[in-house]
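Reader: I am new to this structure and would like a close look at a single part of it. Could you choose one pairing of side chains, begin there, and then work outward to what surrounds it?

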Amino acid sequence: VFIAADDLGYADLGVQGCQDIPTPHIDSIARNGIRFTDAYVSAPVCSPTRAGWITGRYQQRFGHEFNTGPEQEAGPEVGLPLDQVTFADRLKKLGYTTGIIGKWHLGYAPKFHPFQRGFDEFFGFLGGAHPYLPTPGRASAILRGTERVQETEYLTDAFAREAVAFIERHHNRPFFLYLSFNAVHGPLQATEKYLARFSSITDRKRRTYAAMLSAMDDAVGQVLAKLQQHNLEETTLVFFISDNGGPTPATTSRNDPLRGYKGQVLEGGLRVPFLMQWKGYLPAGKVYREP
């Protein structure tokens, strides 16, 4: 299970020193496994990083070092090059059922669709960002497979629902789940359910950001609980990582004590929270301080 946060700052988790936003479920991955203090992604923006980690290669080596841009501006050849093998391709050959829930951001044309890149199931959107609240007229942006759907739930909650359902369907066979949240990327939107948890935060932007992060933490908790329900913790490797540093001016995400933020190749743009859990195989509560 590969869990990706979007634009999460280095200091935005409790286990990373965050004081005002509790993240108990995400923190539990570190408690049950390893926290990497010096983890680096290969780009300070979304799409190149995703191209890097989905292939295991530096994205400059195959011409994907820039963001794809919005769909109306991206040409038909903008996407992860078709000659690149993805981790879904490799796992599918080994007999895994593969699924992606959430943000793709590796091309819009049909030839770049997750179904063409090793994934058996897809629920999410193809671009780099999406509203979290149900938005009339945006039904085309959310896909189940290749079919347009109208999502009525808060988007982070919907991704949690779909991720849990994927595990439920496939828990008795090898599966690979790429849970690619768009949280906590803008736009800053949250429901009252999550906003109510942070009434003490007076800064409106920070309060909404806190609510969005809390929703993602709840979603991660649901996924971990589903693994536990089916006694899969000792047969499942769980990753949690952010695609780049937080864009502090835009969202209030924090990269303390690092300098810089998303879009910069300073530490704050490239050094990210990274947690890994595999009960019975990886030591619990370990902190790894090497790059």
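Author: In this predicted model, a good place to begin is the salt bridge in which the side chains of Lys111 and Glu77 meet, at 2.8 Å from N to O. Lys111 lies in the loop between β3 (97-103) and β4, while Glu77 lies in the loop between α2 and α3 (87-93), so the pair ties together parts of the chain that are 34 residues apart in sequence. The two partners can be described by their accessibility: Lys111 counts as partly exposed because its relative accessibility is 30%, and Glu77, with a relative accessible area of 58%, is exposed. As a general point, side chains of opposite charge can pair when their charged atoms come close.

This pair belongs to a wider set, for the structure holds 18 salt bridges. Another of them joins Arg50 to Asp6, with the closest N and O atoms 3.7 Å apart. Here too distant parts of the chain are linked, since Arg50 sits in helix α2 (residues 46-55) and Asp6 in the loop between β1 and α1, 44 residues apart. Arg50 and Asp6 are both buried.

A further salt bridge is formed by Glu151 with Arg161, whose closest N and O atoms are 2.8 Å apart. Glu151 is in the loop between β6 (147-148) and α4, and Arg161 is in helix α4 itself, so this pair ties together parts that are 10 residues apart in sequence. Glu151 counts as buried, at 11% relative accessibility, whereas Arg161, at 29%, counts as partly exposed. The two are also members of a network of salt bridges that links Arg144, Glu151, Glu153, Arg161 and Glu162.

Helix α4 leads on to α6, because the axes of α4 and α6 come within 9 Å and cross at roughly 10°, and an angle under 35 degrees counts as roughly parallel; the two helices are therefore roughly parallel to each other. On the α4 side the contact is made by Thr156, Ala160, Ala163, Val164, Ile167 and Glu168, and on the α6 side by Ala215, Met216, Ala219, Gln222, Val223, Lys226, Leu227 and Gln229. Sorted by class, this contact has 9 nonpolar, 3 polar and 2 charged residues.

Both helices also take part in the largest nonpolar core, which has 50 residues and in which Leu177, Leu179, Phe181 and Phe240 have the most contacts. The elements giving two or more residues to this core include, besides α4 (155-170) and α6 (204-229), the strands β1 (2-5), β4 (121-125), β7 (175-180) and β8 (238-242). With 12 residues, α6 gives the most to the core. Phe240 shows how such contacts are spread along the chain: leaving aside residues up to four places away in sequence, Phe240 touches Ile3, Ala5, Leu8, Leu13, Ile26, Ile29, Met216, Val220, Pro273, Phe274 and Leu275. Apart from this core lies another, of 29 residues, among them Phe36, Ala88, Leu126 and Tyr178.

Two of the residues that Phe240 touches, Ile26 and Ile29, are buried in α1, as are Asp27, Ser28 and Ala30. The cover over the buried residues of α1 includes β2 (34-40), α6, β8 and β9 (271-277).

Key:
Residues are numbered from 1 along each chain as its sequence is written. This is a predicted model: local features need pLDDT of at least 70, side-chain atom pairs count only at pLDDT 80 or more; totals for chains, interfaces and linings use all residues. Side-chain values use heavy atoms; hydrogens and water are left out. A nonpolar core is a set of buried Ala, Val, Leu, Ile, Met, Phe, Trp, Tyr and Cys residues joined through side-chain atoms within 4.5 Å. Buried means under 20% relative accessible area, exposed over 50%, partly exposed in between (1.4 Å probe, protein chains only). Helices (H or I, at least four residues) and strands (E, at least two) are DSSP runs, numbered from the N terminus. Contact means heavy atoms within 4.5 Å. A salt bridge is a side-chain nitrogen of Lys or Arg within 4 Å of a carboxyl oxygen of Asp or Glu. Axes are lines fitted to C-alpha atoms, for helices over the stretch in contact, and angles run from 0 to 180 degrees between N-to-C directions. Angles under 35 degrees count as roughly parallel, over 145 as roughly antiparallel, 65 to 115 as roughly perpendicular and the rest as oblique. Ala, Val, Leu, Ile, Met, Phe, Trp, Tyr, Cys and Pro count as nonpolar, Asp, Glu, Lys and Arg as charged, and the others, Gly among them, as polar.
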